[in-house]
Amino acid sequence: MIKITWLGTASILLEACGQKLLFDPFVELAGGSNPNTLEDFEGVRDICITHGHLDHLFFVPELVEGQDATVHCPAPAARTLEGFLEDNGNVVVASPGDHWRLGELSIWVHRGKHVAFSPSVVLGRLFSPQVLRHFRNLLFLAWAHPRFRERGETLVYEVQAEGRKILLLGSMALDDAAEYPKGADLLILPYQGKRRPEEAACEIVSRLQPKRILLDHFDNAFPPASRDEDTRPFYRLLGERFPQVQAVKPKAGKTVCF
């Protein structure tokens, strides 16, 4: 049995074959939809990072120093971590084409792409009523954002366990030139960044042809720069175009087994 637990934002805990693999751990800011703490990530020794933005990387230094975890991440994220870690010996640069094993888990790395934010989405955040309500968060984001950059390198992770294939995206976009495995048993798909995210998500579904989808990154994790996304248009469009594909909107902290 494979267990998937969504811990808010893009934080995913995968448990299979006696191993735990954590993706993009992040503690939501004050006012976030799914408040959590670093304790939610304790006991995990293997971490994969899809890209270097603060909502995927910021709390990794505390996890590495606190529990001697190994971190696999793209080169720009590794350079960012160098500025926050006294010893970066546990940081491993992951590049497209890499493959390693964690017990009976097999992990492959593919080239990804970060979503290009729609201008209307950006303007909506700037002029949101949340700005005044979460002004302290805004000050933190203004400090942290320039220090935690994606720098054009986002990864997609493929995990094979117990005869099943899981494909995890760190952002709602794919590289046009990359070849991805089709027909994954589960696609973990971030859902945020576009004016019509349902269309962008269905384009990815069309290209990857997964059997199941689990959404993440649809919550208001770092107000005022985020919001709760309405996922209902996606489920309606998915049902019209891909009725054979099952989709799940998880609840934070609740494990899904398949």
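**Glu62, Val109 and the chain as a whole**

Me: At its relative accessibility, what does Glu62 count as?
Reply: Glu62 has 44% relative accessibility, and the classes are set by relative accessible area, with buried under 20%, exposed over 50% and partly exposed in between (1.4 Å probe, protein chains only). The model is predicted, so local features need pLDDT of at least 70 and side-chain atom pairs count only at pLDDT 80 or more, while totals for chains, interfaces and linings use all residues. Residues are numbered from 1 along each chain as its sequence is written, and side-chain values use heavy atoms, with hydrogens and water left out. Because its value is 44%, Glu62 counts as partly exposed.

Me: In which helix is the place of Glu62?
Reply: Helices (H or I, at least four residues) and strands (E, at least two) are DSSP runs, numbered from the N terminus. The run that holds Glu62 covers residues 60–67, and this is helix 2.

Me: Why is the protein chain as compact as a globular protein of its length?
Reply: The protein chain holds 8 helices and 14 strands. The globule rule (2.2 Å times the number of residues to the power 0.38, with the radius of gyration taken over C-alpha atoms) gives 18 Å for 258 residues. The chain is therefore as compact as a globular protein of that length, since close to this figure lies its own radius of gyration, 17 Å.

Me: What does Val109 count as, buried or exposed?
Reply: Val109 lies in strand 8, which runs over residues 105–111, in a chain where 56% of the 258 residues count as buried. Because its relative accessibility is 3%, Val109 counts as buried.
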